Amino acid sequence: MCIRLRMLLLILVIQPLLHGCGGGGGSTSPTSTPTPTPPLSTAETSYKNFKGVGLTPQSLPSGRAGVGTVRAYGDFSRSGQLDLFTATLTYWPPTTPSAATTSIFEFWRKQANGTFVKDSKMLVSPDGCIHPRKAIVADFNGDDRPDVFVACHGFDAIPFPGERNKIVLSQANGTYVTQDASTDIGFFHSAAAADLNGDRKVDVIVTNNFDPASALVLLNQGGGSFQRESTARLPSSIGGKPYFSVELVDVDEDGKSDLILGGHEWEKAATVVLLNPGSYNFTSATPIAIPSIANEGVVLDFAVTGTASSRSLWVLRTSGGDGTFYQSRTVQKVLWPSLVSTTPLLQRPTMWFQWIIPTIVNGQSVIAS
């Protein structure tokens with residue numbers, strides 16, 4: 001659920017959101033037929049399809065499966081409202097790789113009263129990857145419908161064998177099918193999507209801390225299948241470092257999506273912004289280091305709000321570097337471009353959470369979980 005952070009008192013001025021969680025029907029008379037709500041459009045980047053779709057606190061389905069380990073939103077039913085995709089673990093806690101069972105992928109239709117109802121027919125097969133970590137939405141097969149790319153890292157304990165990412169693709173008959181996104185096997189912890197090579201197909205950047213490059217590009221081959229890019233697009237300075245989080249968002253307001261990377265700061269994976277030179281080729285980009293926060297060294301997620309002097313990069317963190325691990329919830333605000341850093345929220349020990357979202361609650365612009 002999008003829950004307002006109880007201790008986050010700072011109110012932001014945020015740019016207007018793209019659209020709300022669902023459109024309303026046209027006016028009717030007793031003898032007229034209600035006007036169908038047009039489907040919601042799908043934006044060109046995964047960031048806009050998550051942080052820019054106008055999410056507000058959601059009435060999630062009850063029970064473990066309804067909440068899901070991983071969630072994504074999109075107009076999957078083409079009803080004009082934001083439906084819900086969930087991926088739910090079935091094997092936790094880890095015992096042995098052979099005992100790890102696959103997760104459950106599910107779609108939930110948004111109802112007029114704001115609740116969600118499971119749609120058991122939309123997804124042809126509910127079997128997912130073993131350990132889904134992040135789901136991102138974009139039109140990956142070029143049919144003007146939202147699809148879901150799921151970053152998967154597999155069995156989460158030694159020997160960390162890794163697994164393949166999954167892609168959930170829309171079909172002409174309104175259903176979705178799940179398939180391997182590519183043949184690559186790795187500890188894929190995060191993903192972000194945009195057209196990186198200018199061929200009008202949405203590509204994906206993923207993190208894999210066991211890969212020498214730490215983050216790599218999967219180019220869309222058309223139809224939603226991907227192949228690792230052979231030419232380097234990211235600077236060699238990030239290679240060999242434990243990066244786990246990635247985002248593509250326009251930080252400096254020049255109209256081009258920039259690259260943000262975060263991971264384990266105490267293990268030399270500094271949180272950095274790489275400004276887009278215009279071609280998504282970041283090999284020569286100078287990493288701009290974001291100030292660290294002592295003992296809050298696990299970087300999980302990012303959001304950008306405001307404009308001009310109020311432009312801010314928000315960094316979600318949890319504990320790491322002091323002997324504790326995932327035992328806090330910390331939100332950092334970094335002014336752009338001065339990099340002046342403050343910490344509006346730091347709670348420990350407490351349960352961590354995965355994402356932060358700019359949203360509107362009770363008429364106020366806030367950062368929510």
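1. Start with one residue pair. Tyr 243 has its bridge partner in β14, and that partner is Gly 263. The pair belongs to a wider contact: strand β13, residues 243-249, is joined to β14 by six bridges. The two strands run antiparallel. Keep in mind that this is a predicted model.

2. Now look at the other pairing of β14. Strand β15 covers residues 272-274. β14 and β15 are linked by three bridges, again in the antiparallel sense. Which residue of β15 is the bridge partner of Leu 259? That partner is Leu 274. So β14 pairs with β13 and also with β15, since two strands count as paired when at least two bridges are found between them.

3. Is β14 mostly covered or mostly open? The strand, residues 258-263, is mostly covered, and six of its six residues are buried. Here buried means a relative accessible area under 20%.

4. Check the two faces of β14 one at a time. In a regular strand, side chains alternate between the two faces of the sheet. On one side of β14 sit Asp 258, Ile 260 and Gly 262. On the other side sit Leu 259, Leu 261 and Gly 263. All of these residues are buried, so both faces are covered. Two of these names have come up before: Gly 263 partners Tyr 243, and Leu 259 partners Leu 274.

5. Stay by this strand and look at the loop between β13 and β14. Glu 253 lies there. Its phi is near 60°, a positive value in a residue other than glycine. Is Glu 253 buried or partly exposed? Its relative accessible area is 36%, so Glu 253 is partly exposed. The buried residues of β14 make a contrast with it.

6. Phe 160 also has a positive phi, near 50°, and is not a glycine. Find Phe 160 in the loop between β6 (147-152) and β7 (166-170). Its relative accessibility is 30%, so Phe 160 counts as partly exposed. The band for that label runs from 20% to 50%.

7. Next, a cis peptide bond. It joins Trp 92 and Pro 93, with omega about 0°. Where is Pro 93? Look in the loop between β2 (83-88) and β3 (104-110).

8. Another cis bond runs from Trp 336 to Pro 337. Its omega is near 5°. Pro 337 is in the loop between β19 (329-335) and β20 (341-347).

Definitions and conventions
Residues numbered from 1 in each chain as written. Predicted model: local features only at pLDDT ≥ 70, side-chain atom pairs only at ≥ 80, totals over all residues. Heavy atoms only, no water. Buried < 20%, exposed > 50% of the residue type's maximum accessible area, 1.4 Å probe, protein only. Helix = DSSP H or I, 4+ residues; strand = E, 2+ residues; numbered from the N terminus.
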